[in-house]
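Got your viewer open and a hand on the mouse? Here's a short tour, one selection at a time.

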Amino acid sequence: MGSKDQDLPASSGAGAGGGGGFFQSITKGMRSLGLAVTNSVNGMVGYEGLEVINPDGGTEDAEAEAMKGRWKQEDRDGYWKMMNKYIGSDVTSLVTLPVIIFEPMTMLQKIAEIMEYCELLDKADECEDPYMRMVYASTWAVSVYFALQRTWKPFNPILGETYEMVNHRGVTFIAEQVSHHPPMGVAHGENEHFTYDITSKLKTKFLGNSVEVYPIGRTRVTLKKSGVVLELIPPLTKVNNLIFGRTWVDSPGELVMNNLTTGDKAVLYFQPCGWFGAGRYEVDGYVYSAAEEPKMMVTGKWNKSLSYQPCDQEGDPLPGTELTEVWKVAPTPANDKHQYTYFAHKLNSFDTAPKKLLPSDSRLRPDRYALEKGDMSKSGAEKSRLEEQQRAEKRTRETKGEQFTPKWFSKTDDISPTPWGDLEVYEYNGKYTEHRAAIDSSSVAEETDQSSIEFNPWQYGDSSQ
């Protein structure tokens with residue numbers, strides 16, 4: 001929340017805030033511990049400028065930590081030599097990466113993971129207290145970070161690829177890849193309590209052995225009962241030890257949830273990982289009124305649980321109130337290869353697929369499916385084939401003088417500013433609702449095996465091959 005040493009209980013603007021009273025002493029203590037141990041391996045010939053960051057803050061030297069991780073030594077050396085020329089660059093879609101670092105999920109499915117704890121939005125919609133409403137909504141925004149800590153890379157969606165989800169707390173969800181360069185995904189989710197809309201365009205900065213991920217996007221939630229519109233501004237994410245050392249994820253900085261209807265907001269500060277892991281996972285912050293007075297404090301760990309408590313104008317707990325848990329992480333599978341939650345597995349399954357699944361759906365990608373089954377060789381070959389067909393589609397499109405047009409979303413004239421750059425905004429056009437209604441009301445029999453549907457996001461079909 002801006003400078004965490006300031007004794008200011010009020011927040012000012014999306015990128016700044018205050019934290020006095022209860023949290024100030026905690027925050028100062030965290031800062032005094034410093035950041036995670038950063039080891040330079042400049043002494044290793046051929047690895048000048050490479051940094052390895054140990055999240056546990058141990059005393060082992062850089063070379064010992066650098067030899068850990070999922071890469072074999074020969075692969076590690078080869079990719080370092082290939083990648084170090086891209087230091088300082090946006091590598092979102094610049095480099096072809098091996099499937100060894102991938103998880104069997106696409107970025108569109110990753111967007112859908114924010115729906116796991118959407119019951120918090122249901123509660124926000126039902127809540128009459130405007131500040132508790134913000135507690136529920138901001139906690140929902142934090143809840144997805146448990147899933148985002150996975151260190152595997154999702155597949156970049158093919159232009160025109162989609163992802164559909166049903167059978168989860170009454171939500172109907174549709175996502176579509178609307179641009180390949182730059183990669184942009186758009187999604188709409190809805191149930192009886194809320195609508196969720198996001199335009200997402202990731203931007204990265206490769207730093208050698210780490211990459212910063214800037215979430216350029218616009219996320220809005222409309223609560224149906226009150227008509228309140230909420231907007232989310234997340235912090236950046238940093239993936240450490242990409243090639244050398246044990247890969248781990250941190251998202252230091254502010255998450256801001258603005259109530260565009262009333263002016264209330266929540267500002268939650270994600271503590272950076274400190275020495276020996278101090279502060280890692282911790283989240284502290286406040287819900288503020290439109291007059292910028294703290295009303296609720298929120299504290300906890302994004303990998304375990306969050307709690308809230310009413311506070312005074314100094315940010316201290318009100319006498320006679322207690323810290324109350326508002327959310328906790330659901331049980332997860334033990335020893336899961338990709339650290340998936342049960343919900344992540346549901347996103348890959350056909351249990352959450354609607355009747356007459358679109359053939360452009362992410363579940364049907366042959367490279368994703370092969371990786372899910374453990375066949376990395378087939379996954380890599382299928383990934384290369386899909387990427388080449390996408391390039392062929394682009395050539396055909398250019399020859400015909402045509403533009404790609406999304407099916408389920410429309411580009412608007414809105415340009416949304418973000419802390420990391422401007423964003424062209426897409427909006428849901430309502431056609432998917434009509435499409436679903438027509439299928440649900442028809443007497444067409446459902447496929448007995450949806451997994452047998454051939455993946456087809458293509459604009460021109462086989463003519464581009």
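Start on the inside. This is a predicted model, and its largest nonpolar core has 57 residues. Select Met-115, Trp-140, Phe-173, Phe-194, Tyr-196 and Met-257: these touch the most other members of that core. Now colour helix α6, residues 130-143, which gives the most to this core, with eight residues. In soluble globular proteins, nonpolar side chains tend to be buried together.

Zoom in on Trp-140. Which residues does Trp-140 touch, not counting residues up to four places away in sequence? The list is Ile-114, Met-115, Tyr-117, Cys-118, Leu-120, Leu-121, Tyr-196, Val-221 and Met-257. Apart from the largest core lies another one, of 14 residues. To find that second core, select Trp-80, Tyr-86, Phe-206 and Val-239, which are among its members.

Next, go to the largest pocket, which holds about 930 Å³ of space. Its lining is made up of 39 residues, and Leu-159, Ser-179, His-180, His-181 and Gln-390 lie nearest the centre. Colour β4 (153-155), β6 (171-179), α10 (376-400) and β20 (421-428), the elements that give two or more residues to this lining. Helix α10 provides the largest share, eight residues. Try colouring the lining by class too: you should get 16 nonpolar, ten polar and 13 charged residues.

Stay with α10 and select the whole helix. It has 25 residues and reaches 36 Å from its first C-alpha to its last, close to the 36 Å expected at 1.5 Å a residue. Which residues of α10 are buried? Pick out Ser-379, Glu-382, Lys-383, Leu-386, Gln-389, Gln-390, Ala-392, Glu-393, Thr-396 and Arg-397. An α-helix has 3.6 residues a turn, so residues three or four places apart point the same way. Show β3 (102-106), β4 and α9 (366-372) as well, as they are included in what covers the buried residues of α10. Right after the helix comes Gly-401, with a positive phi near 65°.

Now for some backbone oddities. Most residues other than glycine have a negative phi, and most peptide bonds are trans. Select His-181 and Pro-182: the peptide bond from His-181 to Pro-182 is cis, with omega near -5°. Pro-182 sits in the loop between β6 and β7 (184-190).

Hop to Tyr-281, in the loop between β14 (265-270) and β15 (282-288). Tyr-281 is not a glycine, yet its phi is positive, about 80°. Is Tyr-281 buried or exposed? Tyr-281 is buried, because its relative accessible area is 19% and the cut-off is under 20%.

Asn-335 also has a positive phi, about 55°, without being a glycine. Look for Asn-335 in the loop between β18 (324-328) and α8 (342-348). At 80% relative accessibility, Asn-335 counts as exposed.

Two serines come next. Ser-307 is in strand β17, residues 305-310, and is buried at 12% relative accessibility. Beyond its neighbours within four places in sequence, Ser-307 contacts Met-297, Val-298, Thr-299, Leu-323, Thr-324, Glu-325 and Val-326. Ser-210 lies in the loop between β8 (194-206) and β9 (211-223), and is buried too, at 9%. With the same neighbours left aside, the contacts of Ser-210 are Lys-205, Lys-238, Val-239, Asn-240 and Leu-242.

Finally, zoom out. The protein has eleven helices and 20 strands, and buried residues make up 54% of its 465 residues.

Key:
Residues are numbered from 1 along each chain as its sequence is written. This is a predicted model: local features need pLDDT of at least 70, side-chain atom pairs count only at pLDDT 80 or more; totals for chains, interfaces and linings use all residues. Side-chain values use heavy atoms; hydrogens and water are left out. A nonpolar core is a set of buried Ala, Val, Leu, Ile, Met, Phe, Trp, Tyr and Cys residues joined through side-chain atoms within 4.5 Å. Buried means under 20% relative accessible area, exposed over 50%, partly exposed in between (1.4 Å probe, protein chains only). Helices (H or I, at least four residues) and strands (E, at least two) are DSSP runs, numbered from the N terminus. Contact means heavy atoms within 4.5 Å. On a 1 Å grid over the protein atoms alone, a cavity is a set of points where a 1.4 Å probe fits but cannot get out, and a pocket is an open set with protein on both sides within 12 Å along at least five of seven lines; lining residues have an atom within 4 Å of a point. Grid points are joined across faces, edges and corners, and a volume is the space filled by probe spheres set on the points. Ala, Val, Leu, Ile, Met, Phe, Trp, Tyr, Cys and Pro count as nonpolar, Asp, Glu, Lys and Arg as charged, and the others, Gly among them, as polar. The expected span of a helix is 1.5 Å times one less than its number of residues.
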